[in-house]
Amino acid sequence: MIFVSRNQVAEPAILSRPFRGGKTETERAIDHYTNWDRKKQYSFSRYSETEVKDALETLFHGKCAYCESNFRHIAPEDIEHWRPKGAVILADGTEQKPGYYWLAATWSNLLPSCIDCNRRRRQEDVRDPANAQSGKQNLFPVADETHRWVKHDQANQNGEAPLLLDPCTDDPVDFIDVDDKGVVREAKPVGTQENDRARESIDVFGLNRSDLVDERKKQLALVKAICREIELNIRQVPFFPAGQMRDDTIAAIKTKLSELKAHQREDSPYLLMKRPVINAFVSRTAPDLVSLGIVI
Ligand SMILES: [Zn+2]
């Protein structure tokens, strides 16, 4: 998970466009759940419009907002409600209906998610193999249930403290990092609020499910292999006199640097893990590259 500024993409107009009759979906949902008969759930539709899907895909560069896997072209994307719309699981495990119905068509509550992060199912956690369930679905843990928002008119009056990270308001680097085995860890010590939120997010989104950790490890190995090749070539250059061998080696360094830059692009997966590795490498080799006349 990395920070993504929502300002980069305009809010899709469809979310606040009135239906026939003049009311927006938010207004209709509030009407529906005011004096609700508990029989029929409101059928939300605006969030799943193509305009919203496209905006989220652009904003997150075709990646899952939680695990940073690239799902463009390979899997359908779920439009995920950070605060769940239809029902929410409370701390005691019971389901409360409705959920945050008044936020179902609210742009700041929508994120693109891969199926594995969003749908609750069996996924082995590499740090805790006994913990075989992950996927957010209707989970939205808060620090104190007595402050959970339950009605639209309390939304701005109550001190709800979500335990999950929101990549558009929290900067994940303040909470989590990734070790050299591709495993996501809490960045702050146990007992801190940052640690609590990191732990809960890793657990709920399943950020250490085994397939995902394997994929991160593969990507990390690719990045490290490129770094090694560049360093090897840097060490060789001084042994070559001016001429073809020297020119070819410098050209090879430039090619590999381009490959490394591609791993830093916004659409590249697992940037939380890759960015510190690449930044450290570039800082370490910058003097050598400059001395070879290579622009970083
Ligand atoms: Zn995901």
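These are my notes on the overall layout, domains and nonpolar core of this structure.

**Basis.** I am looking at a predicted model, where local features need pLDDT of at least 70, side-chain atom pairs count only at pLDDT 80 or more, and totals for chains, interfaces and linings use all residues. Residues are numbered from 1 along each chain as its sequence is written.

**Overall.** I looked up the extent: the C-alpha atoms fill a box of roughly 85 × 45 × 35 Å along the principal axes. The protein has seven helices and eight strands (DSSP runs, H or I of at least four residues and E of at least two, numbered from the N terminus). Of its 296 residues, 31% count as buried (20 or more other C-beta atoms within 10 Å of the residue's own, these atoms being placed from the backbone).

**Domains.** I found domain 1 (6-208) and domain 2 (212-291), with bounds from an automatic or database domain assignment. Their centres, taken over C-alpha atoms, are 36 Å apart. I noted 17 residues of domain 1 in contact with 13 of domain 2 (C-beta atoms, placed from the backbone, within 7 Å).

**Core.** I then turned to the largest nonpolar core (buried Ala, Val, Leu, Ile, Met, Phe, Trp, Tyr and Cys residues joined through C-beta atoms within 7 Å). It has 49 residues, and among those touching the most other members are Leu56, Tyr66, Phe205 and Leu272. Helix H5 (210-236) is one of the elements giving two or more residues, and H5 gives the most, with six. Each domain supplies at least three residues to this core.

**Tyr66.** Leaving out residues up to four places away in sequence, I list Met1, Ser113, Cys117 and Phe205 as touching Tyr66.

Notes
Two residues are in contact if their C-beta atoms, placed from the backbone, lie within 7 Å. A residue is buried if 20 or more other C-beta atoms lie within 10 Å of its own, exposed if 12 or fewer, and partly exposed in between; C-beta atoms are placed from the backbone.
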